[in-house]
Amino acid sequence: MSETAERVAVTCPSCSPDVETVHEVLKDGSGQFTVRCTECSHVHKTTIETEEEVERDVVVSQDGESFTATVDAPPKETVAVGEEFVLETPEAIMVVRITDLQLGDEKRTDEANVEDVETFWTRAVDNVRVNVTVNPNDGRRDDSRGLKIDVPGDHEFTVGEVEEFGDEEFEVKSIAVRDDATGYDFNPLGEEGDTAVAKDIKRVYGDDQTSSAWSAW
């Protein structure tokens, strides 16, 4: 038995036959649970109602590609676009964010009970690829270039700060956040000190700070 035993609320035939008290689950077998009352330490068997889970398809978008997995969840649980959950696959365990919920007949919604959902559309957010547009530091826009930077999903980008990735160095000028991101008052973010985490970012715009960059122009 683990150090932290599972606890449930059931009646105790010894000290509380009419009112539920907290019990520790000692053993689970054949539908009958052996439990111990935390009030009087009486050990007895009882039936505990458990909610069966249902299996649902999950489509995961990651780095421009996608794959399909499955997840088990309580049918009455409410889920919504923007929520995150841990997805276990044979290859990896990852955190994903719901981007869309597909019901029957290809109907889409932002919120529903699990039992009504046919497919969870998600994207991986524990490790993400951020698109960056870097402009020459002399203000030219026609000579801007694009970068793709792989970072942890909780990596913060802040307007006004300089980011350095390998040979690339740029000052963040503005940040466009994704539609499924929450908690941001403006989009794009452009005031000095504005911050967004990588998993919420659609694109970062920056001015080049690499001394040797643009020398060919």
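**Aromatic pairs, pockets and unusual backbone**

Phe157, Phe165 and Phe170 form a single aromatic cluster in this predicted model. Searching the whole structure turns up 3 aromatic pairs. One of the aromatic pairs joins Phe85 and Phe120. Their ring centres lie 5.9 Å apart, and the planes meet at 65°. That pair is edge-to-face, because the angle between the planes is over 60 degrees. Phe85 sits in strand S8 (residues 84-88), while Phe120 belongs to strand S12 (residues 119-124), so the contact ties together parts that are 35 residues apart in sequence. Both Phe85 and Phe120 are buried.

Phe85 also leads to the largest pocket. Phe85 is among the residues nearest the centre of this pocket, along with Val71, Asp72, Ala73 and Val86. The lining counts 14 residues, and the space inside is about 220 Å³. Strand S6 (65-73) and S8 are the elements that each give two or more residues to this lining. The largest share comes from S8, with 5 residues. By type, the lining of the largest pocket holds 8 nonpolar residues, 5 charged and 1 polar.

Next comes the second largest pocket, with about 180 Å³ of space. Its lining includes Ser61, Gln62, Asp63 and Gly64, as well as Arg123, Ala124, Asn127, Val128 and Arg129. Arg178, Ala198 and Ile201 are also in the lining of this pocket. Strand S5 (54-62), S12 and strand S13 (127-135) each contribute two or more residues. S13 gives the most, with 3 residues. The second largest pocket has a lining of 4 nonpolar, 4 polar and 4 charged residues.

Asp63, one of the residues lining the second largest pocket, also has an unusual backbone. Most residues other than glycine have a negative phi. Asp63 has a positive phi, near 55°. Asp63 is in the loop between S5 and S6. Asp63 counts as partly exposed because its relative accessibility is 40%.

Ser41 is another non-glycine residue with a positive phi, here about 70°. Ser41 lies in the loop between strand S3 (32-37) and strand S4 (43-46). With 49% relative accessibility, Ser41 too is classed as partly exposed.

One more backbone feature concerns a peptide bond. Most peptide bonds are trans. The bond between Asn187 and Pro188 is cis, with omega about 5°. Pro188 is placed in the loop between strand S17 (168-177) and strand S18 (195-197).

Methods:
Residues numbered from 1 in each chain as written. Predicted model: local features only at pLDDT ≥ 70, side-chain atom pairs only at ≥ 80, totals over all residues. Heavy atoms only, no water. Phe/Tyr/Trp six-rings, centres within 6.5 Å; stacked < 30°, edge-to-face > 60°. Helix = DSSP H or I, 4+ residues; strand = E, 2+ residues; numbered from the N terminus. Buried < 20%, exposed > 50% of the residue type's maximum accessible area, 1.4 Å probe, protein only. 1 Å grid on protein atoms, 1.4 Å probe; cavity = no way out; pocket = protein on both sides within 12 Å on 5 of 7 lines; lining within 4 Å. Points joined across faces, edges and corners; volume = space filled by probe spheres on them. Nonpolar A, V, L, I, M, F, W, Y, C, P; charged D, E, K, R; others polar.
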